Amino acid sequence: MSFPMSFGLTQVGLLALLAVAVVLLIWAGLAAARRRGPKAVLGRAVPALALMLVAVVLLWVATLLQSYLGLTGEIKAAHVVAKTVADQSLELELTLYDEDGNLDTRTTHRVEGDLWVLQAGIVELEHWVNALGFHSGYKITRLYGQRLNGKATTQDHLMLNGGDRDFFEDMRENRWYTSPFVRSAYGNAVIATPGEYDVFISRDAIKVRPTS
């Protein structure tokens, strides 16, 4: 399961500012404990509180911006080229990318049917976790075909990336720790006709778009 993260210099700098403010407050507390007088205590406590206030406000603004990016951002997870071949089957060239957008694997498969289906396990995070820079988790797990007339195919699903058995067993046994970080966990799939497509993972779904 991949959990892409986008934690920039802005968040790091603001957290460092908060750390400095905490150090100043501790310093002020030590000065008070040693009875160095109200001027010494205030001289450290006031700047610390001011720094903390500024850092919290700026971090809140950055969090709102990151939350928007987390809610709307997409990760390119795969590229599919599907062509019709004999016997009502499709030949697919499937390229999978890692969470950084680098090529992971490229394989060729044949599936029975007029449509191809790519399935993924999705772990949807709470909005505030997205705001910290974490993208929802995902793992592309299955490839199979479907018929336009609704008749079932006889081909087994092709398992990718080790499959999703553990994912759904954890869900069945209610072992998913959903609070306070995970909002929900589920399987999600895209279904498309022959053609060339890019496959994306959003915060809560797998999506497909034609490349031409």
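1. E124 is buried, with a relative accessible area of 8%. R203 counts as buried too, at 10% relative accessibility. These two side chains form a salt bridge, with N to O at 2.7 Å. R203 sits in the loop between β8 (195–201) and β9 (206–210) and E124 in strand β4 (residues 115–125), so the bridge ties together parts of the chain that are 79 residues apart in sequence. The pair belongs to a network of salt bridges that links E124, R183, R203 and D204.

2. The model is a predicted one, and the points here should be read with its confidence in mind. Mean pLDDT for the chain is 78, and 63% of the residues reach 70 or more. Over residues 67–71 pLDDT stays under 50, and the model has seven contacts beyond four places in sequence for this stretch. Where pLDDT is low, predicted coordinates should not be read in detail.

3. The count of salt bridges comes to 11. One of them joins the side chains of E112 and R147, at 2.4 Å from N to O. E112 belongs to strand β3 (residues 103–112), whereas R147 is in the loop between β5 (137–146) and β6 (158–159), so this bridge connects parts 35 residues apart in sequence. Both E112 and R147 are buried.

4. A further salt bridge pairs D164 with R142, whose closest N and O atoms are 2.9 Å apart. It links distant parts of the chain, with D164 in the loop between β6 and α4 (165–172) and R142 in strand β5, 22 residues apart. D164 and R142 are both buried.

5. Which residues does Q119 touch, not counting residues up to four places away in sequence? The list is K139, I140, T141, R142, Y144, D164, F168, N188 and A189. Q119 therefore touches both partners of the salt bridge between D164 and R142. Q119 itself lies in strand β4 and, at 13% relative accessibility, counts as buried.

6. The largest nonpolar core has 24 residues, and those with the most contacts inside it are V80, L92, L94, W116, L118 and I140. Two or more residues each come from β1 (75–85), β2 (89–97), β4, β5, β7 (182–192) and β8. The largest share is that of β1, with five residues. Leaving aside neighbours within four places in sequence, V80 is in contact with L92, E93, L94, W116, L118, G195, E196, Y197 and V199. A second core, separate from this one, has six residues, including V123, L125, V129 and A185.

7. Two aromatic pairs are counted. In one, the rings of F167 and F168 have centres 5.1 Å apart and planes at 90 degrees, so the pair is edge-to-face. Is each ring's residue buried or partly exposed? F167 is buried, with a relative accessible area of 9%, whereas F168 is partly exposed, at 27%. F168 is also one of the residues that Q119 touches.

8. One charge sits over an aromatic ring: the charged end of R209 lies over the ring of F200, 4.9 Å from its centre.

Definitions and conventions: Residues numbered from 1 in each chain as written. Predicted model: local features only at pLDDT ≥ 70, side-chain atom pairs only at ≥ 80, totals over all residues. Heavy atoms only, no water. Phe/Tyr/Trp six-rings, centres within 6.5 Å; stacked < 30°, edge-to-face > 60°. Buried < 20%, exposed > 50% of the residue type's maximum accessible area, 1.4 Å probe, protein only. Lys NZ or Arg CZ within 6 Å of the ring centre and 35° of its normal. pLDDT = per-residue confidence, 0-100. Contact = heavy atoms within 4.5 Å. Salt bridge = Lys/Arg side-chain N within 4 Å of Asp/Glu carboxyl O. Helix = DSSP H or I, 4+ residues; strand = E, 2+ residues; numbered from the N terminus. Core = buried A, V, L, I, M, F, W, Y, C linked by side-chain atoms within 4.5 Å.
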